[in-house]
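Hi,

Here is the model I promised to pass on. Have a look, and then read my notes underneath.

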Amino acid sequence: MNNPSKEVRTHCSYMDHGGCGLLVTVEDGRITKIKPDPEGWLNRGYACPKGLNAHHRLYHPKRLTQPLRRTGPRGSGQWEPVSWDEALDEIAGRLDAIRQRDGARAVAFALGMPKGLDHFAMIRLANTFGSPNLVANQDVCHAPREITGVHTCGFYPVVDFKEPSELVVLWASNPMATHEEGGIGSQLSARLKAGSQLMIIDPHRSEMCEKAKLHLQLRPGSDAALALGLINVIIAEKLYDQDFVAQHTHGFEELAQAAARYTPEEVAAITWLEPEQIRQAARIYASAKPAALAWGNPIEHTNHAFHAARALVCLMALCGNLDVPGGNRAPLDPAIAGLGAFVRADLVPGKRTEMISAHHGVIPRFMTIPPAHLRRAVLAGEPYPVKGMFFFDTNPLLIWADSRLAKQALERLEFLACAELYMTPSAALCDVVLPAAASLEFDDIGHYGLGHGYILARPQVVDPPPECRATSQICCDLGRRLAGEEMWPSDYRALNGMVLEPSGLSWEEFVEAGHLQGPPKYRKYESKGFRTPTGKVELMLSTAGKFGLPPLPAWEGFPEELSGEFPLVLTGRKKLTALHSSYRWVDQLRAHDPEPLMEMHPLDALELGIAEGDQVRITTRQGSIVQKARLSERVLKGTVHAEHGWWFPEDPDHLGGWDRSNFNLLTSAEKLGKQFGTPNLAAIPCRVERAE
Ligand SMILES: Nc1nc2c(c(=O)[nH]1)N[C@H]1C(S)=C(S)[C@@H](COP(=O)(O)OP(=O)(O)OC[C@H]3O[C@@H](n4cnc5c(=O)[nH]c(N)nc54)[C@H](O)[C@@H]3O)O[C@H]1N2
Ligand SMILES: Nc1nc2c(c(=O)[nH]1)N[C@H]1C(S)=C(S)[C@@H](COP(=O)(O)OP(=O)(O)OC[C@H]3O[C@@H](n4cnc5c(=O)[nH]c(N)nc54)[C@H](O)[C@@H]3O)O[C@H]1N2
Ligand code: SF4
Ligand SMILES: [Mo]
């Protein structure tokens, strides 16, 4: 990086699921300003405060800048600096010793939200090491939607904001803040400007709801019931796409029978809605041609995630919205390396039966280990013990359900190491901590392996601090030690090359192009059928018996009942200016979110003697935390909306006050959905009182 001053075009990353094009000003090797790229493919001149402040992550005085080895008890904050070779040799030596003694499966590798190509480099590391146990948050993030989609219609139906729709439905989805599946917040605005109508299904009344034709403010956790209610009306009133259903679906009669009991009256009682609202929603969705349904993360935040996701794919199918422009599409990848080949899935052929979660009977296509299952292995040896773990891009102590259990499990591990930007509460429990390069400091490929139908170029903008390494490079360094030099390149950039190889593009050509997208083909089923065993959308699953799955979507009740002691329903959502537990130490970002806030209805607050700005204690059957009260009519009476991912880097405690305001002290890892091991992060009975 020689030029004294320059502007570099790249894509925002490690900040959410978006892909805003950015123009980054570099002066004397330092980033001084970030602007949105007016020509950004997905964002066209938009960027949020996270992207615009991304460089402040790089220059924080307390950023980790050298490898550290623990010298005192875990979590005591006592470290000594070591060289990279010492640190890597120690990690490789300890993990290998466990492999020699207890087998490769006794070592787990863990990740969080997919951030870049390093996510897939880590999966490759687990595979080349020989372990079937790759832990990730997919139990509560995308697997229920993706895999249920694959079982039902052969693909993961992603909302299509690229083509015109008559109606957009935001169902448990808030793209203006989260930019799920790409840069779609700004794309959604464009769709609305072009005349699409809007329907929102969300217990929180955001500003977007003012633009909506209908907002169903439902009881959190009742989505499966509501979707079945819509199916009921659509079938009873014959509003479905009769040609599509006749030609392309399997099990319509059985679905019709199953849905018959979910009358608007029945469903109204469950969802806290009026029967007429349910009829209206069904008519609006079924009459719009096409309708694009953005289905979000909270669908996956109860142990009934499978049923909720099944019901929603059935709804899309009934109304003929699958794989049509402006509906829910089946994106095709550009010519790039297939995922299986990149991660070397072939090296662990027995994974499906040997992975910890197979013992718990998860859906066989689900190939990552839910954190709840990992902890049963570590703490109870069920189905066999796990003794060592390496992780990056995740902060388990804050983001796994039941943080106390997470702490016990991390502490119980014989050896634990990670790569991080900052000494997070989870890093503080490690034996060795490696200093990671931040995004913008290495060449990266965005959105690979996520089923979005495109990849984004994220060229390096500045050099990392001398002792910080890209996480993909760390995978190469550990891979060469643990799996042999023939299995891993010495320079991580070769991994980018592997992904691009089938495209015939060099890295420079890819950067010049900015992105690669697959062919925009729709209605592929017309020539090829749907990629399910029957070749049709399986409203009733033909594989139900084989995989032990419920054949038809159903409402199985709330995960937990309300009671006199716990009369309110707790849920949450992501905020535009924060990413889970990340970057709480970056002042420029923290300024937007100085402290944890919970929202409750003024009438509930009045009954409980709580005033705006009070510190309140939220208590569930599992635990209790403190956040600051915001009284708001945007939430329903009887509900509480709290923020997750809160810790306090400024705290003198070495674990950053992890147990004060952390939502996941309120969640449990006991009651899990069978298909994905999903715990309940939403719809949790709670009570609230003023904290002293
Ligand atoms: N700014 C920001 N962006 C992010 C992230 C972040 O942390 N911050 N995280 C990224 C990740 S990993 C993910 S998975 C995505 C998630 O992105 P989204 O799917 O948009 O997820 P959420 O914000 O969790 O929830 C969306 C909406 O669901 C509503 N909701 C809550 N409970 C329920 C319920 O029971 N039923 C219904 N129908 N609605 C409910 C919330 O009020 C919220 O408006 O965002 C990504 N983008
Ligand atoms: N209660 C509750 N729990 C939830 C959710 C919820 O809605 N409610 N959402 C769930 C969902 S959808 C997801 S995806 C997970 C997210 O879970 P995680 O991905 O674990 O979330 P983060 O807290 O963002 O942790 C990311 C870690 O990566 C580090 N990091 C950031 N940038 C870099 C980098 O450039 N290099 C390296 N090496 N590290 C970096 C950060 O410092 C941070 O510690 O949380 C889940 N947990
Ligand atoms: S919306 Fe997402 S991708 Fe765009 S600037 Fe913000 S964090 Fe980055
Ligand atoms: Mo996520």
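Below is what I found on two of the ligands and on some backbone oddities.

A bit of housekeeping: this is a predicted model, where local features need pLDDT of at least 70, side-chain atom pairs count only at pLDDT 80 or more, and totals for chains, interfaces and linings use all residues. Residues are numbered from 1 along each chain as its sequence is written, chains are lettered from A and ligands numbered from 1 in the order written, and side-chain values use heavy atoms, without hydrogens or water.

Ligand 1 makes polar contacts (pairs of N or O atoms within 3.5 Å). One of its oxygen atoms sits 2.5 Å from a side-chain N or O atom of D202, one nitrogen is 3.1 Å from a backbone N or O atom of I201, and a nitrogen is 3.2 Å from a side-chain N or O atom of K50. The protein covers 99% of the 910 Å² of accessible area that ligand 1 has on its own (Shrake-Rupley method, 1.4 Å probe).

K50 turns up around ligand 3 too, along with others including C12, C20, C48 and H179; "around" means a heavy atom within 4 Å.

Now the backbone. Most residues other than glycine have a negative phi, and most peptide bonds are trans. D402 has a positive phi near 65 degrees and is buried (under 20% relative accessible area, 1.4 Å probe, protein chains only) at 10%. R523 has a positive phi of about 45 degrees. The K289 to P290 bond is cis, omega about -5 degrees, and the bond from E382 to P383 is cis as well, with omega near -5 degrees.

Cheers

Note on methods
A polar contact is a pair of N or O atoms within 3.5 Å; within protein, one must be able to donate a hydrogen and the other to accept it, and residues adjacent in sequence count only if both atoms are side-chain atoms. Buried means under 20% relative accessible area, exposed over 50%, partly exposed in between (1.4 Å probe, protein chains only).
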